[in-house]
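Q: I'm new to this structure and would like a close look at one part of it. Could you pick a single strand and walk me through what surrounds it?

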Amino acid sequence: MELVAYWEIVRKRWWWLLLGTLLAAAVAFGVSRQMTPQYEASATIMIGAVNRNPTPLTSEINVSQDLAATYGELLKTHQLQTAAMSLLGYSGLPDVTVTVQRDTQFVRITVQDPLPGRTVAIAEALVHQLELQLPANAPLQFAERQLAAIQTQIEARQQQLASEQNAARRGELEQEIAGLRGQYTELYATYSQNKLSVNTLEVVDPPRLPTEPVSPKTMQNTALAAVLGLMLAAGAAVLVEYLHNVIESPSDVTETLGLPYVASVGLLPEIEGPARRELVCLEQPHSVHAEAFRFASVVLRYSLPSGDPPAILVTSSSAGEGKTTLATCLAIVEAQSGKRVVLVDADLRRPDQHKLWSLPNDVGLSSLLSGRVASVDEILQATPLPGLQVITSGPHTANPTGLLASPAFGELITTLCDTADLVVVDTAPLLSVADTSTMARAVSGVVLVARAGVTTTPACATAADLVARSEGHLLGVFLNACQPHHGSRYGYGRYGYGYGYGYAAYGQEGEPDEQGATERDAQGRGAPRRASKRHRRRTEGEPHDA
């Protein structure tokens with residue numbers, strides 16, 4: 001996707017991002033507030049004596065580090081922790097984390113508890129229990145006492161030497177002091193060597209009483225949850241947009257489907273009086289909607305192959321997408337420009353033009369094609385708009401596909417084009433019945449109507465492919481009920497109008513609207529649920545195709 005496409009997703013689904021962020025932050029904040037505060041105290045101990053040799057052997061270093069790791073594992077045992085808790089009179093096991101610092105003799109004991117005082121007490125009790133695990137050091141203590149006694153004798157002899165005047169006695173004292181110093185040196189060397197081989201424990205950083213809890217970190221948890229919620233909402237929005245297969249803008253027609261785009265119109269306004277909204281160009285000729293249809297008529301005029309009869313067939317992939325609206329409005333705007341226009345209602349199953357114009361339907365297209373009427377003039381009916389004539393569908397027939405596929409229909413179009421400047425054919429939906437595909441080759445061009453937010457890209461693509469396989473010439477796609485987009489280059493109008501019209505077994509007069517949706521779902525081309533909600537919101541009971 002391009003950056004503009006991502007921005008369009010944000011613009012369309014910004015409330016997803018906002019809702020995801022706020023919901024995740026609120027949940028994290030609520031959970032954090034419900035959690036019990038935890039305090040933490042730490043103690044650092046050193047295992048083994050300090051090696052003061054400036055060039056220690058590798059074996060000496062490894063022994064000290066292995067010893068620290070051993071005592072670190074000992075701190076994690078159930079027996080030692082239970083003994084520490086029993087010493088304090090507490091039940092259960094403490095929340096302890098033991099960390100042996102890499103390549104050192106240091107072991108860090110970290111205790112967490114809801115009560116700050118207990119953290120310090122538990123850490124000290126664990127250190128005490130570890131000290132009890134050290135091997136006995138009685139020989140070292142004996143050596144320390146001997147060194148102290150020898151040091152005392154040396155000091156006493158030195159005091160006597162300082163006060164003695166007899167030369168012979170002074171010589172004896174000096175010899176005794178030298179002998180004692182020799183003994184001290186030998187004994188201290190032995191003591192130092194043995195001390196390095198004995199396990200020792202020294203607390204280098206005692207535990208301190210905590211003043212602030214270390215968890216929960218409410219603000220940090222809330223911020224992280226908000227970021228996570230935003231990311232999840234953004235991912236969901238992109239995924240939905242990627243899987244979204246409903247046509248909503250002209251770019252979906254040109255870029256996604258690769259089909260030519262004709263024009264678009266917004267949602268049609270209500271019309272005062274008995275007239276229906278399909279006659280908006282007649283009732284409100286200066287509206288932005290009428291201007292949109294004029295623009296479409298100009299585009300279609302220049303899209304027609306030169307030299308071909310000026311006949312345009314208007315259809316859609318499914319019912320209720322606006323084919324009758326486009327066909328009627330094209331005929332009106334062309335007639336308003338001074339042209340002679342014939343509007344043919346070739347929807348022999350659910351005809352509507354005679355209702356729009358309040359015309360009789362005793363004779364019409366089916367009458368001519370079946371041979372019950374011999375002349376075209378007998379089925380042409382005038383309208384209140386000068387220059388516009390309508391051929392209604394005529395009486396119901398049992399074989400509409402056969403009539404429309406007969407050579408008589410092509411001859412009718414040729415005859416009408418000889419006297420009219422433009423012939424507009426209103427037909428049944430392409431994907432509902434076979435009638436329309438049989439007529440595609442008899443006209444100069446086919447306009448496919450898609451309703452924004454309802455028509456799916458697979459349905460539109462299938463309809464366009466069916467036109468091509470029927471040897472028809474697709475002039476382009478007209479986008480109906482197009483919502484305005486910020487920065488959009490297409491479309492006119494901003495007001496609303498909807499449809500309550502559908503095909504199930506297409507051609508049954510008065511079929512309930514819900515069956516149209518059922519058919520589309522069965523074909524795999526149904527509009528999303530949100531489109532049907534928009535449908536219900538805009539429609540106030542108008543039961544006809546627009």
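A: Let's start with a term: a residue counts as buried when its relative accessible area is under 20%. Keep in mind, too, that this is a predicted model.

With that cut-off in hand, take a look at strand β10, which covers residues 422–426. Five of its five residues are buried, so the rest of the structure largely encloses this strand. You can see that on either face of β10: Leu422, Val424 and Asp426 sit on one side, Val423 and Val425 on the other, and all are buried.

Now for the strands that pair with β10. One partner is β6, residues 311–316, which runs parallel to β10 and is joined to it over four bridges. Within that pairing, alanine 311 has valine 423 of β10 as its bridge partner. Another is β7, residues 341–345, also parallel to β10, this time with five bridges. Here leucine 343 is matched with valine 424 of β10.

Go back to Leu422 for a moment, because there's a bit of empty space to find there too: Leu422 helps line the largest cavity, along with Ser297, Leu300, Arg301, Ile312, Leu330 and Glu334. Two elements each give two or more residues to that lining, α11 (288–303) and α12 (323–336). The largest share, three residues, comes from α11. Sorted by class, the lining has four nonpolar residues, one polar and two charged. As for the space itself, the largest cavity holds about 40 Å³, and the count of cavities of 30 Å³ or more comes to one.

Note on methods:
Residues are numbered from 1 along each chain as its sequence is written. This is a predicted model: local features need pLDDT of at least 70, side-chain atom pairs count only at pLDDT 80 or more; totals for chains, interfaces and linings use all residues. Side-chain values use heavy atoms; hydrogens and water are left out. On a 1 Å grid over the protein atoms alone, a cavity is a set of points where a 1.4 Å probe fits but cannot get out, and a pocket is an open set with protein on both sides within 12 Å along at least five of seven lines; lining residues have an atom within 4 Å of a point. Grid points are joined across faces, edges and corners, and a volume is the space filled by probe spheres set on the points. Ala, Val, Leu, Ile, Met, Phe, Trp, Tyr, Cys and Pro count as nonpolar, Asp, Glu, Lys and Arg as charged, and the others, Gly among them, as polar. Buried means under 20% relative accessible area, exposed over 50%, partly exposed in between (1.4 Å probe, protein chains only). Two strands pair if DSSP finds at least two bridges between them.
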